[in-house]
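Ready for a few exercises at the screen? Load the model, work through each task, then compare your steps with the solution.

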Amino acid sequence: MGKVKIAQYWGAGCGGCDVALLDIDEKILEVAKIADIAFWPIAVDAKLKDVEALPDGDIAVTFYNGAVRNSENEHVAKLLRKKSKILVSFGSCACYGGIPGLANLSNSREILEHVYNHTFSTINEKGTIPSPEVEVEEGVLELPVLYDQVFTLEDVVDVDYYMPGCPPTVEQINQFLEIVVKHVTEGAPLPPKGAVIASEKTLCDECGRKKTVKAVERVYLPHEIDIDPDKCMLEQGVICLGPATRAGCGAKCLKANQPCRGCMGPTAAVMDQGGSMLSALASIFKVSEKETQLSEDDIIKMMSQVKDPLGTFYAFTMPKSIIKRKVREKKKIKEKVEVRQ
């Protein structure tokens, strides 16, 4: 039996997912027995034209990590989809938008203006901002177009499997690679299309901390208190997204005495991870003996303790949330003004 082809691509992300694949250590030798790398920009010298020359469906499995942030990310996503039998949304940026997804709170013009003209260390006397096309003596130089919105991989192409995590754990990667190896060598069946390679439970189910169901009277940042390593983070007033996050990471952050930030994304039963977490927090937050007695001032006082609410509750899932992005309804405002006139 000849070897199959595999590929890995790095979209809008930090590169941790590429490193995670290398963390599987000797397991990579099992993969090497059955597969050749057709495309992996940080590991092998293959070009896009090499992928374009392949027959459609010639790549057995592609792992696409990172969000879709610009025209190049989208082009490569569509190309690899066409050339691959199996496309895996690899890591939380590809699955939910990840940290790059917080850019949906601005548009591309605002981001470029800030980065090239207003950061502390920037000196840009001419106020130059990169353009997708620039004519020089040698011809036209091109850059990818930065989109106004950050997209997940499934927003632009059909996805077969999802493997969340920032990055996915070695256990998740090995679990999926074993499935692929058995499929290629023994004809074993693959998981159903759309399967998530992670637990269906919440992180609280695999966290060993004790719960006593005490009401929380105020919110702390992790550095503001000495966190008891045996007690539930939430019950100590530290916002931990465990109740609203899929298990499967082994609660590694909690074992290091740091709260969960939600990188594994929501379980299948949750529509909006941030909304689910707000609900969990509200259920243990003590403001009054009777919730019906909460005044608007009480609610404002409670929420003012949460620093950076969007960054706290939607750090990894903004593009997949109900909110998705900041929108300015200029047209509707203009229409209202015209009607009043």
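**Exercise 1. Find how β1 and β2 are joined, and place their sheet.**

Solution. Start with the pair itself: β1 and β2 run parallel and are joined by four bridges. Strands (E, at least two residues) and helices (H or I, at least four) are DSSP runs, numbered from the N terminus, and two strands pair if DSSP finds at least two bridges between them. This is a predicted model, in which local features need pLDDT of at least 70 and side-chain atom pairs count only at pLDDT 80 or more, while totals for chains, interfaces and linings use all residues. Residues are numbered from 1 along each chain as its sequence is written, and side-chain values use heavy atoms, with hydrogens and water left out.

Next, look across the pair: Ile6 stands opposite Ile37 in β2. Then widen the view: the open sheet has five strands in the order β2-β1-β3-β5-β9, with parallel pairing. The edges are β2 (35-39) and β9 (161-163); each has a single partner strand, so one side of each is left without a neighbour in the sheet. From one strand to the next, the twist averages 25 degrees.

**Exercise 2. List what Val4 touches beyond its sequence neighbours.**

Solution. First locate Val4: it lies in strand β1, residues 4-10. Now collect contacts, meaning heavy atoms within 4.5 Å. Leaving out residues up to four places away in sequence, Val4 touches Ile34, Ala35, Asp36, Ala60 and Val184. Finally, take Ile34 from that list: it is 30 residues from Val4 along the chain, yet their C-alpha atoms are separated by 6.2 Å.

**Exercise 3. Describe how α2 packs against α7.**

Solution. Begin with the setting of α2 (residues 27-34), which lies across β1 and β2 and runs at about 85 degrees to β2. Axes here are lines fitted to C-alpha atoms, for helices over the stretch in contact, and angles run from 0 to 180 degrees between N-to-C directions.

Then bring in α7 (residues 170-186): the two helix axes come within 11 Å and cross at roughly 25 degrees. That makes α2 roughly parallel to α7, a label for angles under 35 degrees (over 145 is roughly antiparallel, 65 to 115 roughly perpendicular, and the rest oblique).

Last, name the residues: Lys27, Val31 and Ile34 in α2 meet Asn174, Leu177, Glu178, Val181, Val184 and Thr185 in α7.

**Exercise 4. Classify the ring pair of Phe63 and Phe176.**

Solution. Set the rule: rings of Phe, Tyr and Trp (its six-membered ring) pair if their centres lie within 6.5 Å; planes under 30 degrees apart are stacked, over 60 edge-to-face, and the rest tilted. The rule gives six aromatic pairs. For Phe63 and Phe176, the centres are 6.0 Å apart and the planes 85 degrees apart, which is edge-to-face. Then trace the chain: Phe63 is in strand β3 (residues 59-65) and Phe176 in helix α7, 113 residues apart, and the pair links distant parts of the chain.

**Exercise 5. Check the backbone at Pro167, Asp25 and Asn257.**

Solution. Keep the background in mind: most residues other than glycine have a negative phi, and most peptide bonds are trans.

- The Cys166 to Pro167 peptide bond is cis, with omega near -5 degrees; Pro167 lies in the loop between β9 and α7.
- Asp25 is not a glycine, but has a positive phi of about 55 degrees; the loop between α1 (16-22) and α2 holds Asp25.
- Asn257, also not a glycine, has a positive phi of about 65 degrees, in the loop between α8 (252-255) and α9 (273-284).
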